[in-house]
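Trainee: Could we take a close look at one part of this model, the helix that opens the chain, and see how it fits in with the rest? I would enjoy a connected walk through it.

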Amino acid sequence: GEIIFGIILLVSAWRWHLMLRLTGAGVHPAAAARLAVIGHALNLLLLTPALGDIAKSGLYSRWFRLPLAPIIAAAPLDRALGLAGMGIFVAVAVIIAATHGALDIVKSVVDRIPPALLVTGLIAGLTGLTLVLFWKPRSGSVFARIFNAFADALRQLLKTPRLALDGLLLGLTVQALTCLLMIVCLRAVITVDVPWLAMLWTFPVVAVVVAIPSVDGLGVR
């Protein structure tokens, strides 16, 4: 379990380093790896990855004397690639669930999501993407600098599909290893036989729900 967790941190650190390079704030993979470990601890202490990313970015900026805006801008790009990788993994898991008779459970969970919430989320997402791609605030505030750094990096990412593919594969690898880690931990504390393939779809769902504010998702898990 410890080895798997260590690999997860290294893969996550490499994905973050790629996004830091994209925003012009990349120092060295070893620096990203060290801050990734610290950032994971901060996620636990600050109860959510969002605050952990801000604190991690602040430390990176202070230690290496770099502007804060491009470092913070790399965090949502990193998370977006992780989320995209999770989406692919969830799709594969749903197919596995369908072949093992568990699709009805998945469907019942999806049916409970209000359609208005899905429509609102889609509209908000399209609006946000439009703003990022076409709006450039002229203010000199820190929020404007972060927004512009993020928008510039996103446009650059869309122009370099090879880099986007690398980040997507790293995101998918992290999700697969995270689910493997949960399986290993669960296997260590149970004494009954479990149909692992039939319940494989549950682990990506847990990974998604863990993103909500909590003590690093421990209660959810």
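Mentor: Happily! A word on terms before we start: helices here are DSSP runs of H or I with at least four residues, numbered from the N terminus. Please keep in mind that this is a predicted model.

With that numbering, your helix is α1, which covers residues 2–22. It has 21 residues and reaches 31 Å from its first C-alpha to its last, close to the 30 Å expected at 1.5 Å a residue. Just after α1 comes G24, with a positive phi of about 80 degrees.

For the setting, the protein chain holds nine helices and zero strands. Of its 221 residues, 37% count as buried. Among contacts with a separation of 6 or more, 65% join residues 24 or more positions apart.

Now to what α1 does inside the fold. The largest nonpolar core has 29 residues, and those with the most contacts inside it are W16, M19, L20, L22 and L77. Two or more residues of this core come from each of α1, α2 (29–45), α4 (68–99), α7 (142–159) and α8 (161–189). The largest share, eight residues, is given by α1. In soluble globular proteins, nonpolar side chains tend to be buried together.

L20 is a good residue to zoom in on. Setting aside neighbours within four places in sequence, L20 is in contact with A25, G26, Y60, I71 and A74. A second, separate core of seven residues includes I96, C179, I183 and L200.

One of those partners of L20, Y60, leads us to α3. In α3, Y60 is buried, and so are G52, D53, K56, S57 and S61. The 16 residues of α3 (residues 49–64) should span 22 Å at 1.5 Å a residue, and the end C-alpha atoms are indeed 22 Å apart, so the two values agree. After α3 comes R65, whose phi is positive, near 55 degrees.

Let us finish with α7 and α8, two of the helices that join α1 in the largest core. Two packed helices are described by the angle between their axes and the distance between the axes. The axes of α7 and α8 come within 5 Å and cross at roughly 100 degrees. The pair is therefore roughly perpendicular, as angles of 65 to 115 degrees count as such. L157, L158 and K159 of α7 meet P161, L163 and A164 of α8 in this contact. By class, the contact has five nonpolar, no polar and one charged residues.

How values were computed. Residues numbered from 1 in each chain as written. Predicted model: local features only at pLDDT ≥ 70, side-chain atom pairs only at ≥ 80, totals over all residues. Heavy atoms only, no water. Expected span 1.5 Å × (residues − 1). Core = buried A, V, L, I, M, F, W, Y, C linked by side-chain atoms within 4.5 Å. Buried < 20%, exposed > 50% of the residue type's maximum accessible area, 1.4 Å probe, protein only. Contact = heavy atoms within 4.5 Å. Axes fitted to C-alpha atoms, helices over the stretch in contact; angles between N-to-C directions. Parallel < 35°, antiparallel > 145°, perpendicular 65-115°, else oblique. Nonpolar A, V, L, I, M, F, W, Y, C, P; charged D, E, K, R; others polar.
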